[in-house]
Amino acid sequence: MFPTRILLATDGSPSAALARERVIDLVRHTEAEVHVVHVALVSPWTNPTPLSPSLRERVEAEARPVLADAVSQLQGAHVAVAGSHLRTGRATDEILRLRDEIDADLVVIGSRGQNAFVRVLLGNDAEGIVRHAPCAVLVVRTEEETR
């Protein structure tokens with residue numbers, strides 16, 4: 001069974017770029033709807049709610065180019081993007097929340113996006129998504145990560 005709605009999580013990392021390429025490959029063989037999400041991490045220790053307007057504006061301004069680049073790369077490969085989503089908070093939480101909102105049947109994510117220090121504190125987002133997503137999850141690793 002092929003996916004009908006794919007959620008691609010991106011953070012601009014090499015793993016995320018490879019995840020994007022896998023989505024391009026998948027869409028060539030299906031007619032899946034593609035949504036792209038970038039989650040801007042405000043703090044590695046908390047998920048402040050609500051953000052002050054000035055902080056939200058600054059975080060989103062820094063995050064928009066990452067999301068726009070992923071969307072642009074997909075569109076350049078003739079993939080229609082049904083939605084682009086910019087979120088703030090913890091990536092695992094926000095990706096799973098959006099997955100529920102759009103009812104994606106496949107989440108595609110790179111295996112490593114955060115720096116090592118943050119990953120030790122929070123755990124790997126890909127692992128959290130694999131553990132808690134009620135759908136298939138494709139975790140894409142770079143060649144370096146397979147060694």
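**Close-up views of helix 2 and its sheet**

**View 1. The buried face of helix 2.** In this predicted model, the residues of helix 2 that are buried are Val-59, Glu-60, Ala-63, Leu-67, Ala-70, Val-71 and Leu-74. Look at how these numbers are spaced along the chain. An α-helix has 3.6 residues a turn, so residues three or four places apart point the same way. What do the buried residues of helix 2 pack against? Their partners are strand 1 (5-9), helix 1 (14-29), strand 2 (33-40) and strand 3 (81-88).

**View 2. Length and bend of helix 2.** Helix 2 covers residues 53-76, which makes 24 residues. At 1.5 Å a residue these should span 34 Å, and the C-alpha atoms at its two ends are 33 Å apart, so the two values agree. Follow the helix to Ala-63 and you will find a bend of about 30°. A proline, Pro-65, comes within four residues after that point. Just past the end of helix 2, His-78 has a positive phi of about 65°.

**View 3. The open sheet.** Here 5 strands line up in the order 3-2-1-4-5, with parallel pairing, to form an open sheet. Strand 3 and strand 5 (136-140) are the edges, each pairing on one side only. On average, neighbouring strands are turned by 20° against each other, direction ignored.

**View 4. Strands 1 and 2, with helix 2 on the sheet.** Strand 1 and strand 2 are joined by 5 bridges in the parallel sense. Arg-5 sits opposite Glu-33 of strand 2. Helix 2 packs on this sheet and touches strand 1, strand 2 and strand 3. The direction of helix 2 makes about 155° with that of strand 3.

Methods
Residues numbered from 1 in each chain as written. Predicted model: local features only at pLDDT ≥ 70, side-chain atom pairs only at ≥ 80, totals over all residues. Heavy atoms only, no water. Expected span 1.5 Å × (residues − 1). Bend = angle between axes of the 7 residues up to and from the residue. Buried < 20%, exposed > 50% of the residue type's maximum accessible area, 1.4 Å probe, protein only. Contact = heavy atoms within 4.5 Å. Pairing = 2+ DSSP bridges. Axes fitted to C-alpha atoms, helices over the stretch in contact; angles between N-to-C directions.
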